[in-house]
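Please look over the sequence and the model below before reading on. The paragraphs that follow go from one pair of helices to a pair of domains and then to a sheet.

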Amino acid sequence: MTDRYTKAVNSGFTKTLATRLGLPRPAILRRYRAGDPLTVGPVLVVSDGASKADADAVAQTLLGWDLDVRRDPTDDVRWGAVVLVLTETARPADASEAVLAVGSVLRRLAGNGRVVTVSRAPADGDTPELAAARNAVDGFLRSLAKELRGGATGNGIVLTGGAALDQTSVRATLRFFLSAKSAYVDGQLLQVGPADAALPEEWDRPLDGKVAVVTGAARGIGAAIARTLARDGATVVCVDVPAAGEGLARTANAVGGTALQLDVTAEDAGQRILQHARERHGGLDVVVHNAGILRDKLLANMKPAQWDAVIAVNLAAQLRINEALLDAGLDGLHVVSLASTSGIAGNKGQTNYAFSKAGVIGHTRATSPLLGARGGTANAVAPGFIETDMTASIPFATRSVARLLPTLSQGGEPVDVAEAIAFLASPAAAGVNGQVLRVCGQHMVGQ
Amino acid sequence: MATRQTSRAQTAGAAQGPRDAVVVGGNRIPFARAGKKYADASNQEMFTAALEGLVARYGLQGERLGEVVGGAVLKHSRDFNLVRESVLGSSLSPQTPAFDLQQACATGLEATITIANKIRLGQIESGVSGGTDTVSDAPIAVSEGMRRALLDAGHAKTWQDRAKALARIRPADLKPLSPATDEPRTGLSMGEHQAVTTARWGITREAQDEIALASHQHLAEAWESGFFDDLVTPFRGLTRDDNMRPDTSAEKLAGLKPVFGRSLETPATMTAGNSTPLTDGASTVLLGSREWAEAHDLPVLARFVDAETAAVDFVHGREGLLMAPVHAVPRLLARNGLSLEDFDFFEIHEAFASTVLTTLAAWEDADYGKNELGLPGAFGSLDRSRINVHGSSLAAGHPFAATGGRIVATAAKLVATKAAETGKPARALVSVCAAGGLGATAVLESV
């Protein structure tokens, strides 16, 4: 599914030509396959002096995953990943040595390598100096990610509420960022708070025995989400409008799940989803609000039907279904909603869509403590330019430019969005709550 | 069941079967007018699609079912194992046995009777019945002269004999033979046969058009209300039955020219509007024992209580071609201790609007009851508001072998819904007439 341009500039004569002409050369991203190594090479763990104990804990975690963990940046290897631990950095000046050590190995960072920062979020009562040191990591990571090449990415874990390094959710997030599952996640900082969660018995089946509902599962990103959740061990209830039933049946049969033909805007959609999941599969653990529509128009030309349909499907339906889920009082329910970079940075011709997607971010944050009280989470994933049937209909020139805008210089695959969702839906990610994770190859300005 | 008594008759047929066969649900593809959306879809593709939708709805991927039974009326010789080939092309376990069965338009219902009987006897725990038919992709045969010559040439031992055999082919033999639905013994089409019956019972044009109008209106209401959301899976972009005319009117129907019975002495009354059109489509019904349904966490819509088939002597003109169900139903009800008042729903296949009306007229006629049905008087009249409440073949279309499955699934959902609403058992009578003077009837009851 890698686009033709990316293929061409990565092989044979066209590769030489592209290099000579100085054309952008998007890398072929490594994506998850069961059995492949977690990283593409040894992992360097560096920290400032104050964070050494946390760095040791990180190293222990990595050793537990059978990785080749090094502490000396001068080792002559092609680095698979660098983890920079700045959790206890008290003053901005204290970070210098560790940060420059990371800089010294970047030329030896392998293609599809990873840089992951681990830091703490500024908190109420921090001294100005401490807050500065903590917040500085944000700008550093986002800039560093833009300097990485060859499909390498940079992402950060930001601990909140005194979360500890050996906590399951921190480990799960670290593993996600190091792995090929986060191939198209770049320049993102994810907050992880304290939460009780058991380590998965198998990291390759983090959703074993779970029941997941995916709306809009007939095709595109929804079908990829269903496939990915099923791969991770979940039984998947595939939901889409009755008119999309043919594709829905294909998805359900491919993942060994069940097809539920249902319009998510129906008054009783939440109850029917619950009933189906409980009666047919004995419970409900994960809900992915993926169903969404586009009715692009400049606001000056917007018809009521175009505005209302987008709000009804993309936002109101999620709210109503969530209400039913909260009423049901499910324990450990993980809800993941599809937002969009349009809802964060805005997009011309998409006032209705951006309204709905920014609304999704709003209700996700408000829902997170309600679900969190019962050991669940509510998070959102904001995809950037993803290669789907929908984006394939964008005119060629516009599409080609859109692909080159992110740091990774290419569009993402539906599976990239699905991997992020599968991570957030997993019990091990219980400490990630109320967050918006962008899957955009570090697309535009804004967070 | 023994403890549940009703204000009407006791649970029907309780003493008969060693155990119950229940209807779990059904799935069909939307029916399409011949030569339109499914113009190049084969029977096998359509039946496979209907099966795949069923598998997806009930999560039967990889499941070894007891048997899949179905058939097609118009069938290519290469499709000798049509149903088994469809199973092999589906997501069911390839260890699921299957066989083809054919009883003209009663094929789908006869297949359901077969599966139900096997379940009741304990020979199988689960099964799928159904049928498929395409007029658009019907087989075309070579002429009898051509066929004989080709066969003889094939058997010939020397080239001279081969040449001699082929030399017998005359220009007239080059004309292909299209399949006909004419009765082989009378040479009359089904419509012409029914025109005679219609005239015999003095059925008016207005009464027929009324039935046709109601069929379209009821079917359209059912689609709008979402009744078919869990009974139909779209196919090839068709999401609803395309023969349905929600906007038709008594005036429009009255304006159509009669097409059958124009050579009779009485005025011709049967038009394209009150006769079923040639249609393509496929349907399936999932049945099982109660234990099987329970073990698979599947819903149970209805109990398949009992069935009766009949045949009439239409060749010598004693009875109308499509009147066999009129004879079957009294026998079926007598055996189960039921009368027409015990039914909440009557699903009478609308081969023609007048089929429904001649059936009712015959049952209400005392002389007919005595002389033809061997009853003390008239069999009885039934509440017309309970007939084909969600439309029937005039609106949905009639892909011969697929009609039985459509009706059984609809009837099963009707009784389940009614019982859930009223808290009392509900019952449906199914009646399907067929070519060759055949008819199949059945009783379904809520569980």
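**Helices, domains and a sheet**

In this predicted model, Thr107(B), Gly108(B), Leu109(B), Ala111(B) and Thr112(B) of helix α3(B) come into contact with Thr403(B), Gly404(B), Gly405(B) and Val408(B) of helix α14(B). Sorted by class, the residues in this contact between α3(B) and α14(B) are three nonpolar and six polar, with no charged residue among them. Two packed helices are described by the angle between their axes and by the distance between those axes. For α3 of chain B, which covers residues 107-120, and α14 of chain B, which covers residues 403-422, the angle is about 60 degrees and the axes lie 5 Å apart. An angle of about 60 degrees makes α3(B) oblique to α14(B).

Chain A can be read first through its domains, since the domain assignment divides the chain into domain 1, residues 22-192, and domain 2, residues 211-439. The centres of these two domains of chain A, taken over C-alpha atoms, are separated by 28 Å, and 26 residues of domain 1 are in contact with 21 residues of domain 2. On the side of domain 1 of chain A that touches domain 2, the elements giving two or more residues are α5 (128-147), α6 (168-178) and β6 (188-192) of chain A. Helix α6(A) provides the largest share of that side, namely six residues. By class, this side of domain 1 of chain A has 13 nonpolar, nine polar and four charged residues.

Strand β6(A), which gives residues to that side of domain 1, also belongs to a sheet. Strands of a sheet pair through backbone hydrogen bonds, in either a parallel or an antiparallel manner. In chain A, six strands form an open sheet with parallel pairing, in the order β2-β1-β3-β4-β5-β6. Its edge strands are β2 (69-70) and β6 of chain A, each of which pairs on one side only.

Within this sheet, strand β4(A), residues 109-120, runs parallel to strand β5(A), residues 153-159, and seven bridges join the two; here Val116(A) stands opposite Asn155(A) of β5(A). Strand β5(A) is in turn joined to β6(A) by five bridges, again in a parallel arrangement, and Leu159(A) has Val192(A) in β6(A) as its bridge partner. Although β6(A) is an edge strand, four of its five residues are buried, so β6(A) is largely enclosed by the rest of the structure.

How values were computed:
Residues numbered from 1 in each chain as written. Chains lettered and ligands numbered in written order. Predicted model: local features only at pLDDT ≥ 70, side-chain atom pairs only at ≥ 80, totals over all residues. Axes fitted to C-alpha atoms, helices over the stretch in contact; angles between N-to-C directions. Parallel < 35°, antiparallel > 145°, perpendicular 65-115°, else oblique. Contact = placed C-beta atoms within 7 Å. Nonpolar A, V, L, I, M, F, W, Y, C, P; charged D, E, K, R; others polar. Pairing = 2+ DSSP bridges. Buried ≥ 20, exposed ≤ 12 C-beta atoms within 10 Å, placed from the backbone.
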